[in-house]
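Here is a walk through a structure, interface by interface. Keep the sequence and the model open as you read.

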Amino acid sequence: MSDAGENRPKSSVREERLDEIRRQASERGSLQQPGVRAIGSPLPKASPQTGYYQQPLLKQPQWTPLVPLYFFVGGASGALGVIGSLADLLGADDELALKARNMATAGSAISSVFLIADLGRPSRFLNMLRVFKPQSVMSVGSWVLSGFGASAACSTLADILDTQVDGSAISSFLRSVGRTGCTVLGMPFHNYTGVLIGASVIPVWNNRIRSLPREFGMSGLQSAVGLLELAGETDSNALNAIGLVASAFETWEGLELLRARDREVAPTKEGLSGALIQTGGVLSGPVPIVLRLASLFTRRRRRGLRHAAALSGIIGSLCLRYGWVAAGTASARNWKIPLDIPDQEEKQSSQELAARG
Amino acid sequence: MPGLGTSVGRGGATTAQQSLADSDAILIMGSSMAEQHPVGFQWVVEARERGCRVIHVDPRFTRTSACADMWVPLRAGTDILFLGALIRYVLENDRWFKDYVVHYTNASTILREDYVDAEDGAGLFSGWDDEKKQYTPETWLYEGSEPKQSGGSHAGHHPAGGGHAKDRGGEAGHSEQFETDETLQHPRCVFQVLKRHFARYTPELVERSCGIPKDVFLKVAETYIAASGPQKTGCICYAVGWTQHSTGVQIIRAAAILQLLLGNIGRPGGGILALRGHASIQGSTDIPTLYDILPAYMPMPFFEDDAKNFEAYVKKHTTEAGLWSKFETFMVSFLKAWYGDAATKENQWGFNYLPRVTGDHSELGYWLDMADGKLDGLFVMGQNPAVGAPNGRLQRKAMANLKWLVVRDLVETETASFWKDSPEVERGELRPEDIGTEVFLMPAAGPAEKSGSFTNTQRLLQWHNKAVDAPGDARSELWFAYHLGRMLKERAARERNAKNAALNALTWAIPTRGSVGEPDAESVLAEINGRNLTTGKLLSTFEDLKNDGSTMSGCWIYTGVMPEEGRNRANIREAKDSLGHGWGFAWPKDTRIIYNRASARPDGTPWSEEKKFVWWDSEKREWTGKDISDFKKDMPPDHKGDLSKGGLEALDGDKPFGMHPDGRGWLYVNSGLKDGPLPTHFEPLESPVRNPLYPAHQTNPPTNKKERPDNRYANSPGDPRFPFVLTTYRLTEHHTAGGMSRALSHLSELQPELFAEISPELAELTGISPNDWVTIVTPRALISARALITARMSVLEIEGRQIHQVGLPYHWGWKGLVTGDVANDLLALSQEPNVRIMETKGLVCNLIPGRHPAGHAALDELHELLEERP
Amino acid sequence: MSGATDHTGIQPGEITAFLTDSTLCIGCKACEVACKEWNDISADGFDFTGWSYDNTGALGHATWRHVKFVEGQITPGIGGNSAEQFSWEFSSDVCKHCEVAGCLEACPTGSLVRTEFGSVFLQPDICNGCSYCVISCPFGVVQKDEDDGRAFKCTFCTDRQKAGLMPACAKACPTESIKFGRHDELRIEAQVRLATLQARGMADAQIYDPTDSSVKGIHSMFIIRGEPETYNLPPKPEVPSIYLKEGWKSAAFEAVAMVGAVVASFFLLGRKG
């Protein structure tokens, strides 16, 4: 076996690391790493109370930071697609609708790039379209993305054609296909990622299977509104209203989450993931509400307030996505939940061990 | 090996691993069989599932203990106390298998009046020479046996060694002459002597000194003894945990005594399974790489009067009864194999071409010579003494004194690179520029790259067929040895003088094949098997060997492995029965359970239907059954021994141990073992405890400690600098010194670091944190290991105080994918009196939390610990 | 005995299974090594864990058989096989090849398939490393190899089974602790074995085969002593598809709400003129 090169020890415990661990122990009084323990501390154990040496049973999500970004872009794009198509249908602002459609097309392309880049074997992205499996959210999502992207492209193509030639049959065909596709597929596309992570074994995610699609969806809607406003559509009261609805929804979701007491949702309130989610919740919820309401009462500062609300919503949306993915990683590290081991028992057993010396 | 050889006649396992499936109780001691013989262990598990009780006695709770019904912790080095107590229990409670003992053992033989037992000699038997530090066995002989010594040493008692050849023992006297008392009442009969010898090995002593609670001991005794008698059998499995002791041979003797008393030898599910420590180590003593024996356990001649000529040599080693009465035949056939036409009756069959043993040429013996600069060159083939031999520092520094060193191995082992990266170089004790040793590293072919045989622990020859060519310059041992010999012979042919006479006489005609000239291994096997030189035909049994030079055989115990051209029985894998007949060839004659005459009553009928094995068919007038009979096939059970006929016919028809001149299993060994006819408890060379039985003799008197400044010992008993007992052992995941396993990622990742197993109590006592570094110190060296704190290392109550034990596997060195300190650096280089093996299983140490400093500072710390804390 | 004949006689279409019986395991790790050798898997780290003799840690992309070591109560006189006490147990973990497999359901490329032997097989030539299977396995088995980009797990030696051979781990196991055979036969054998063990007084012996969860039973069954939690075996493993209905319902609700909000807003506030 030509092992020698590839299999050099990647991480052996060397003396420097042990010194570091000892220093950490004396400074903080606790150790974060598995392995070395302080003198007299309970020995690592496998038991019904401690599981298998307190090692997490589940595997951690292996997505790169591109995935939360994809969640954000995709969510916004889906909502933009719906807005762009429905605004047209309802005879609302043409310019706004066009911007929405263009952003939807750009967004679906960009989000595809993110998704493909995150793959372990990006060149094989088309394999996603080998099969259609309704029981796989990722399969459904891949097809929805493809369909939505195609529809958005059709819409944009129709828009382009319309600038060149008036009332051509092709462009009206493309327009119908595009608008229909963007609406029908934009609905799942903007919020399916909530189902994607909720339908997994990660405790914090599947515990919130009902709220995640709603939260991601409304967050996407709010980002769509924000992006349009940042692109100049600060005069649209309709957009503002949509934004208000979205942030009201987000506020309610945030409060619901705070009230949830299951230990599975702890990562949404503790650590980095908790900080990101709570921050995101505030920036997606109460802050835009205040800003948007305020924007109704002033004409001069309307633009600034709506820009602020947009940014708040967008940043909040990003924080939420990153926060939820981080929460998944933290949740996967919990060794007790998959084994149904209650928290008190572990405390009790470690007390017992400490008492026994 | 001499432990078994002297007790029953051959130095090897008496049974096959498959036979364990028929056991009713299995005692595993001095071995962690599940870890070291995992494939063989399947039959232990099979037996266990059928209701057999498995008992594991070991200082640690190992993976074997996890599969056993009982685990018995004991203080390392107290095996004879434990076994002796079992023997005593059997005798005191009358639980011995009477018919078996009376007829098949030497229990009834009467000893001389001037025999003094160790019990009466405060630890010493009669015949002790305090100056020479050795015994003369004359007083141990049977009453009526004339001593045979004529001008040299007593056979088996030469100071230069020769323990392995005495696997049959008893040659110091005419042991076929003796008197018996079949009522076993005579005060000097072996049975009564045995009773007196073990009288003080009580369960109370076991509790006090081994640390085994009395009720546990009694449970073990009852469980094991209940599995004996006509309908039940028990087997004892042991390995290096017994042999690597300064009393190793005697420990095995104790087991043999127990098994003979319980009537277990030669019966299915019974016997003693000597689990050898290496894949072909049985083979390496059968066709030996040992200095004191020739193939098939014939003794290498010594430089003494008894070996001046062939006649005297043969006279010394021939017995008048038993299989060794054919000694001359075996020897002549062997010499014809080596010297062919150059061996004639006129030149004593080339006997004088054989070298003579002039001193202690054992590995540990010559290594000390090497350390003293007396050796020029060394071949190290498939061995890694820099890591695998005791007192690693001495080993490596000794190699620096060589002029040349040839290392043949699959990888660059520590032995090959000691001169540039050993700890001695790192510490500045040796400098590469000062080392004059020229090192030749020759690549070796791996197991699948060459053909040849392995002889495994149950005497089984299995052929391996070459699967692929070795890469590049890698060559097999056979190729190396053959071509080296060929080149030496070519040179010797050009300079024909007395010095080169032996080389010129040597037959060396093995056909070679292929572009590299690979010698045909089966031709070598054919030579080992033997041929009739007149007809040219291969022999099918050693009974066809002659003493007139018309036959040849390289190793008579293997005769039959290749009974005709093209039929290599070692290469056939068609097991026909549960014992494995048809799969390989077990010497002798494919007998799987040797001494199997003992599986039948004196009258030839089976002891019981359950344990029917080999019996006398009175119609066909032959022995028949489930195995090849280890007995003359047509000799009836009522045959009366006729001394005038010699050989096997000189023995009675109810004497199963045909290698012995009296045909009996020896509870008492009248000569052949240098440290006594009966096992006696002595403490290991380093011990925290005084010998409870013989305070005047702490350790085995004839043991050679080879004490010198670079081989220091702790003060025994109870050196306060080293309060803990240390024992070393192996893990399943690695192989010996790790040369092969630490080069493989799949094995290295299973056990990546050297660790020491320490009880939680000891960890707290010494302030060691789990998984952190701990430094282990002995008078020889200090090393660091990771601390694996586990309750499987128990604390023992010995003589009212707590004795802690530390466990250390020894697989690490500084090369390979995973590295670690060399555990063998801690050990002393000592020599058990019979086989010159070192004591690795019981020594003393101290523990210091943390890792030892790098470089020379480590040595400073060691010296400080040795000198400044008296 | 896995003796002279190699061939199992099992035809494609017959559902096969493992029964890994810890009471026969000697902790030798031959299964780990045989698996790596047969499948040419690399080593995955040389880390000393201090978890008894287990330096492997867990199943992963480069470990498909993993022997767990659990130390219990050590008492002189009592061996590990004794019914009265749990001293030191060894249990060889492997992919469960679930009857209803979370990884299989989650795989969007169709790389994970059910073979003709009932095993769950990941086709490495199709997998594009989306790693969705990784978070869909309730046993924490399948994992993506970050360097290679694809996910890997135990193949149940489907290649060997196709040739009528038993998986490498079962072949190597010296005590037949890892039993391989037809699923229905091994299910019965497990019951028989459990009854035998309990008759000997081993009250803590159990079969681990979670048939009353959404996984609906596993093709790699275990006989263990003690509780499954000790071995990181989830007492009630669930496949993520049980959450699909609620998830999509919620998504649908929100999507309708979104459309409603957009329509209402534009209708009421956004029309031209």
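**Interfaces, domains and two loop residues**

Across the interface of chain C and chain B, the rule finds five salt bridges; a salt bridge is a side-chain nitrogen of Lys or Arg within 4 Å of a carboxyl oxygen of Asp or Glu. This is a predicted model, in which local features need pLDDT of at least 70 and side-chain atom pairs count only at pLDDT 80 or more, while totals for chains, interfaces and linings use all residues. Residues are numbered from 1 along each chain as its sequence is written, chains are lettered from A and ligands numbered from 1 in the order in which they are written, and side-chain values use heavy atoms, with hydrogens and water left out.

Stay with chains C and B. One salt bridge joins the side chains of C:Arg200 and B:Glu49, at 3.0 Å from N to O. Polar contacts also cross this interface: 24 residue pairs, both at pLDDT 80 or more. A polar contact is a pair of N or O atoms within 3.5 Å; within protein, one must be able to donate a hydrogen and the other to accept it, and residues adjacent in sequence count only if both atoms are side-chain atoms.

Which elements of chain C give two or more residues to the side that touches chain B? They are helix 1 (30–39), strand 2 (65–71) and strand 3 (88–94). Helices (H or I, at least four residues) and strands (E, at least two) are DSSP runs, numbered from the N terminus. Helix 1 of chain C gives the largest share, four residues. By class, this side of chain C has 18 nonpolar, 17 polar and nine charged residues. Here Ala, Val, Leu, Ile, Met, Phe, Trp, Tyr, Cys and Pro count as nonpolar, Asp, Glu, Lys and Arg as charged, and the others, Gly among them, as polar.

The contact (heavy atoms within 4.5 Å) takes 44 residues from chain C and 46 residues from chain B. Together the two chains bury about 3,600 Å², with 60% of it on carbon and sulfur atoms. Buried area is the accessible area (1.4 Å probe) that two parts lose on being put together, summed over both. Three aromatic-named positions can be picked out on the model: C:Phe46, C:Phe48 and C:Tyr53 supply 21% of the area that chain C buries against chain B, more than any other three residues.

Now turn to chains A and C. Their contact takes 82 residues from chain A and 86 residues from chain C. The area buried between them is about 6,900 Å², and carbon and sulfur atoms give 62% of that. On the chain A side, A:Tyr52, A:Lys59 and A:Gln62 supply 13% of the area buried against chain C, more than any other three residues.

How many salt bridges are counted between chain A and chain C? The count is two. C:Asp148 forms a salt bridge with A:Arg121, the closest N and O atoms being 3.2 Å apart. The rule also finds 34 residue pairs in polar contact across this interface, both at pLDDT 80 or more. Helix 5 of chain A (residues 169–198) gives the largest share of the side that touches chain C, seven residues. That side of chain A has 47 nonpolar, 23 polar and 12 charged residues.

Next, look inside chain C. It is divided into domain 1 (16–240) and domain 2 (241–273), with bounds that come from an automatic or database domain assignment. The C-alpha centres of the two domains lie 45 Å apart. Five residues of domain 1 and four residues of domain 2 make the contact. The domains bury about 340 Å² between them, 52% of it on carbon and sulfur atoms. In domain 1, C:Glu238, C:Val239 and C:Pro240 lose the most area to domain 2, together 78% of what that side buries. Zero salt bridges are found between the domains. Polar contacts number five residue pairs, both at pLDDT 80 or more.

Finish in chain B, with two loop residues. B:Asn711 sits in the loop between strand 21 (622–625) and strand 22 (724–729). Is B:Asn711 buried or exposed? B:Asn711 counts as buried because its relative accessibility is 0%, where buried means under 20% relative accessible area, exposed over 50% and partly exposed in between (1.4 Å probe, protein chains only). Its side chain makes a polar contact with the side chain of B:Asn391, at 2.9 Å. Beyond neighbours within four places in sequence, B:Asn711 is in contact with residues including B:Leu394, B:Arg780 and B:Leu829.

B:Ser540 lies in the loop between strand 17 (531–532) and strand 18 (551–552) of chain B. With a relative accessible area of 40%, B:Ser540 is partly exposed. The C-alpha atoms of B:Ser540 and B:Thr559 are separated by 6.3 Å, and the two are 19 residues apart along the chain. Leaving aside neighbours within four places in sequence, B:Ser540 is in contact with B:Thr559, B:Gly560 and B:Pro563.
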